[in-house]
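Please open the model in your viewer and keep the sequence panel beside it, for this tour goes from one selection to the next and says what is to be found at each stop.

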Amino acid sequence: MDEFERHGIGVVSGRDACVHALRSPDLTSDPGGGSPSVLLRDGDGHARVRGVLREIIAGLEPLPDSVRASIEAVVGGLGSSFDLVRDFARPVAGAVTSAVLGVPLDDVFLDHLEKTTANLDVFGGADRTGQASAFRLAVQLSRAAAGPGGLTALREAHAAGRLDEDELMLNPVVLAHAAYENSLNFLACAGLELASSPTPKSVRELVTSICPARYVLRFGPDGPLAVSLTDGLPFGLGRHACPGSGVALAEGEIALGALAKLLDGGCEVGDVGWKTHSVFHGLAKAVVTRSGNR
């Protein structure tokens, strides 16, 4: 919160106040400047771009068998000792993001996608490295050959006049980041919970308690406000509620269900480190060693 205050951003907390803020017609997600990002606009433009993205996400509901198989293959390939971030959450989130876009994604792409965080939030950040990574990915995706999936759907929407050039350029990165960043952080944190807690929770309970995206930014007559999502609002509410919540829950059910079976014989966790971003909550590293392999 101190970081928000330094940038003149107020904080809204408490479930009732946050529900009101998220649904309020007096607050907007648009900071001005005419961003083509679906995250940073409201009104007809937001509804139009969100409609295209929602159609893309609907193509993964329910998750196709091929995506399920990819997730299960990641967990099945984990060794006797593994990092919950690098070896579990990252490849699972990467596989789902690849399916969302309809293009293969390598480690270099995922590295740059993780760096775009500072560019895609507007909480006072001005990370030139993040901006460069976002631009690089936008150019890369604009040139990529794509099969069935989100990138092809976005291009078809542009050809049909539903997206302009700037919207087509930026929103593939927005879509990729939304599919990847929160999944990466949630899966790693939930994996730590499974490995550490004797009392299992459902995926929905884990999503709510972990809440990988802690705040969203809104703008009102009195200035910007960081609205907390940590009091049982992990997917937000209102016109900017996460359109991919169903895919996120299905991804978690498959990945965490497979991980729970793998850890059924017991394990130990060590070398735990946390990220320090003010908005995105996640692990930097956590090494799990399965029982009998210490």
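Begin by selecting Cys211, which sits in the loop between helix 11 (203-210) and strand 3; helices (H or I, at least four residues) and strands (E, at least two) are DSSP runs, numbered from the N terminus. Cys211 has a positive phi of about 45°, although it is not a glycine. At a relative accessibility of 1%, Cys211 counts as buried, where buried means under 20% relative accessible area, exposed over 50%, and partly exposed in between (1.4 Å probe, protein chains only).

Before you go on, please note that this is a predicted model, in which local features need pLDDT of at least 70 and side-chain atom pairs count only at pLDDT 80 or more, while totals for chains, interfaces and linings use all residues. Residues are numbered from 1 along each chain as its sequence is written, and side-chain values use heavy atoms, with hydrogens and water left out.

Colour the chain by pLDDT, the predictor's confidence in each residue, from 0 to 100. The protein chain averages 92, and 95% of the residues score at least 70. Confidence is lowest in helix 7 (residues 117-120), with a mean of 57, and highest in strand 2 (residues 81-83), with 98. Where pLDDT is low, the predicted coordinates should not be read in detail.

Now add other cysteines to the selection. How many disulfides are there? A disulfide is a pair of cysteine sulfur atoms within 2.5 Å, and by this rule the count is 0. Cys18 is in no disulfide, and the nearest cysteine sulfur to it, that of Cys211, is 10 Å away; Cys18 is also buried, with a relative accessible area of 2%. The sulfur of Cys189 lies 11 Å from the closest cysteine sulfur, in Cys211, which is too far for a bond, and Cys189, at 6% relative accessibility, is buried as well.

Next, display strands 1, 3 and 4, which form an open sheet of 3 strands in the order 1-4-3, with mixed pairing; two strands pair if DSSP finds at least two bridges between them. The edge strands are strand 1 (10-12) and strand 3, each of which pairs on one side only, and the twist averages 30° from one strand to the next. Helix 2 (residues 15-23) packs on this sheet, touching strand 1, strand 3 and strand 4, and its direction makes about 125° with that of strand 4; axes are lines fitted to C-alpha atoms, for helices over the stretch in contact, and angles run from 0 to 180 degrees between N-to-C directions. Contact means heavy atoms within 4.5 Å.

Zoom in on strand 3 (residues 215-220) and strand 4 (residues 223-228), which pair in the antiparallel sense over 6 bridges and are joined by a hairpin through 2 residues. Here Gly220 has Gly223 of strand 4 as its bridge partner, while Phe219 stands opposite Pro224.

Turn then to another open sheet of 3 strands, which has the order 2-6-5 and antiparallel pairing. Strand 2 and strand 5 (267-274) stand at the edges with a single partner strand each, so one side of each has no neighbour in the sheet. Between strand 2 and strand 6 (residues 283-290) there are 3 bridges, and Phe82 stands opposite Val288 in strand 6. Select Asp271, too, which is placed in strand 5 and has a positive phi of about 55° although it is not a glycine.

Helix 5 lies across strand 2 and strand 6, running at about 65° to strand 2. The axes of helix 5 and helix 6 (residues 107-115) come within 11 Å and cross at roughly 95°. These two helices are therefore roughly perpendicular to each other, a term that covers 65 to 115 degrees, whereas angles under 35 degrees count as roughly parallel, over 145 as roughly antiparallel and the rest as oblique.

For the last stops, select helix 9 (residues 150-159), whose buried residues are Gly150, Leu151, Thr152, Leu154 and Ala157. These buried residues pack against helix 3 (43-58), helix 5 (84-101), helix 8 (128-143) and helix 10 (165-196). Helix 10 is also the place of His177, which is buried with a relative accessible area of 7%. Finally, find Pro62 in the loop between helix 3 and helix 4 (65-76), where the peptide bond from Glu61 to Pro62 is cis, with omega near -5°.
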